[in-house]
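Colleague: Please take a close look at one part of this model for me, the side of one chain that touches the other. I would like its make-up and its setting in the chain.

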Amino acid sequence: MSRLIDRSRYWHFAPDFEAGLGRGLESLAPDRRLDFILAVVSGFLGLAVALFLVNAAFGESSTTIFGMRSPFLFPAIAAVLMCGICGLLLRRVVKGRSTALAEEAAPADLQSAKAGWIGLSILVYGVLVFVLGMLLSSMLFIVVASLLFGYRNIWGIAALSIMTPVSIYLLFERLLNILLPSGWIF
Amino acid sequence: MLEHLLAGFATLMTPITLAAAALGLVGGIFVGALPGLTATMAVAVLAPFTFFIDATIGIPFLLGVYKGAIYGGSIPAITINTPGTAASAATAIDGNALANRGRVRLALETSLFASVLADLLSTVVLILVAAPLASIAISFGSSEFVLLYLFALTLIAGVSGNDFVKGLLSAAGGLLLAVIGLDPMTGFQRFTFGVTDLLQGISLVPLLIGMFALSEILIQAENGAAKSQGMDRLGGRGLSWRQARSLLPVSLRSTGIGTFLGALPGLGAEISCWISYGVAKRRSRRPQQFGKGSLSGICAAEAGNNAVVPAALIPMMVFGIPGDTITAVLLGAFMAHDLMPGPLLFERAPDLMYGFFAILLVTNIMLIAFGLLAIRHLRHINRIPQGLLYPAVVVLCFAGAFSVNNSSFDLVIMLAGGVLGYGMRKTGVPIPPLVIALLLAPGLENALRQTLLLSNGSLSIFVTRPISLVLLSLLVLSIVVMIWRYVAIQREAAQDAVSPQMPPAQTPSKVSSQE
């Protein structure tokens, strides 16, 4: 019981955190929000690995599982580390102390939407490679990505979208004899 | 040693090897000079191309790229105040200040002078140190390697980035990725979830391409293009002999710092440039000149980052432990060529190893020529539009990642690496600890098991062998220092939190990239 009371001491150090709990994550300062997210990720990974290990340990002999030569040793270390890091990060969030030196502040004109579209186009390209083959999908990707990057010179895009895939194709398949991904169509 | 070096020259001084090294150097300078294309990215994307040609051609090419890219980064740092790579961030301060006073040529030539000198001296150190160190390392047993790996791991988690906990998180992530696949000793499947492609573990090069190249492109897309004009005129005279002579002391000191830091695992060129810049400023008789176009400032920053290049190869070649992310990629390339770096390699293929050293020396002389050319012609390189550059780089990433193992699953790994790298950059988790932990963990696990097999499971083997004992004390010392530093930072942060709003700490790097 006395421990519980002792714990609550932390909350007095972080009244803004206490208030923030009611209003959700957005009310936390950005660096603490980041720490919280990282804590969740590391805690999740640590627990998942631990669960996996426990699950895998069923049916194995105890000599396989325990001891320094066990295949479980390194995953277990990773799990313990992850959980420990989760604890450290949570402590930092609650205490309101974050990184001593803050990371560079994000510039005001951050173009997240643009990056999102470009990321999506890369993923779609990754799928198309196996449908259209490397040559065609690369041509298509370069046209789309150039436009997404805000480049508007049609001749420049056309030249690049033909020259890059063709020269990569020649270099890999003809000169170096390396296979490129081939699709269903080409 | 001299006969090995001569034999090395004889082995690798073929026209095609020299051409490959020169091509790598030119390509490296070009890529390094493009803001947003980092040195690690260049080596990672170009590495797969070399897997299919002979090691005597492929490795010199990559060494050229590495060296060229670190130098090339200083050109846009000086002309447009945008470091081409994070390693040149310190160069931008005085270099750009001097350029703004109309002395572009002087600034660029000073940076070239410092780069070449630092690189040359550091290469000599590499040549002198590597083989003797390897002959000591050959007597290392698995227990020594366990401690060496642990030492490297703690150093990396401790020093990468400002935030110890995030560095540790990154290293733990690397450890987690490293255990995926078939356990080599027991055949136990770890975290494969029935995916046969995962049995061999995560393929390194595709992952690195994703983490360094794809994520960088997304970050650059977010930040928008650097809008600025190239310097139109070279402006006045270049570096005179008298000036160069007066810069010798600061160059030598910065070279020493860069070489020492480079040889330690975990500290790359992007940290070294700041440390040697800071030391030069503190030791200078005219510190007020720093930031206003001081030649010593340019010299210190550039010598500090270029000296790292050969020095970082010392732990990589002698122990197989990469010093930073670029050498981590190079290590992957060595392994792909069936050259497992380590003390044995110096016995097995001394000619080849010394040949690589010879290439490093020769590329230095080339760097003077290509550097002078680059000064004349590469000032406008930032005018290449992002919209043309990045899509082409993405296509290269795909081609490279696929071709490593001819596997479509590697493309999935690359894309996942891109997402992971982007997430890590956005959350301020440093990437280098992950990469280096991923590379070191399998070696550590094997060495640990071998050691325990030898000692019948007893840990006393680490204290009964003298070299082990020395390494163990070093390890303990580094951990103690790390914890002490962590506590000090925590205390400082606590004091900051108590005291009224402090002005934000000036962040050193202008570029988002982590080399």
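Modeller: What follows covers the contact side of chain A and then the chain behind it.

The model is predicted, so local features need pLDDT of at least 70 and side-chain atom pairs count only at pLDDT 80 or more, while totals for chains, interfaces and linings use all residues. Residues are numbered from 1 along each chain as its sequence is written, and chains are lettered from A in the order in which they are written.

On the contact side, 63 residues of chain A meet 56 residues of chain B; two residues are in contact if their C-beta atoms, placed from the backbone, lie within 7 Å. Two or more residues each come from helix 4 (30-57), helix 6 (73-95), helix 7 (112-148) and helix 8 (154-175) of chain A. Helix 7 of chain A gives the largest share, 16 residues. By type, this side has 43 nonpolar, 14 polar and 6 charged residues. Here Ala, Val, Leu, Ile, Met, Phe, Trp, Tyr, Cys and Pro are nonpolar, Asp, Glu, Lys and Arg charged, and the others, Gly among them, polar.

Chain A as a whole has 8 helices and 0 strands; helices (H or I, at least four residues) and strands (E, at least two) are DSSP runs, numbered from the N terminus. Within chain A, 68% of the contacts with a separation of 6 or more join residues 24 or more positions apart.

An unreviewed UniProt entry lists residues 36-58, 70-90, 122-148 and 154-172 of chain A as "transmembrane region"; such annotations may be inferred rather than shown by experiment. In the model, residues 36-58 of chain A are 96% helix, with end C-alpha atoms 33 Å apart. Residues 154-172 of chain A are 100% helix, and their end C-alpha atoms lie 27 Å apart.
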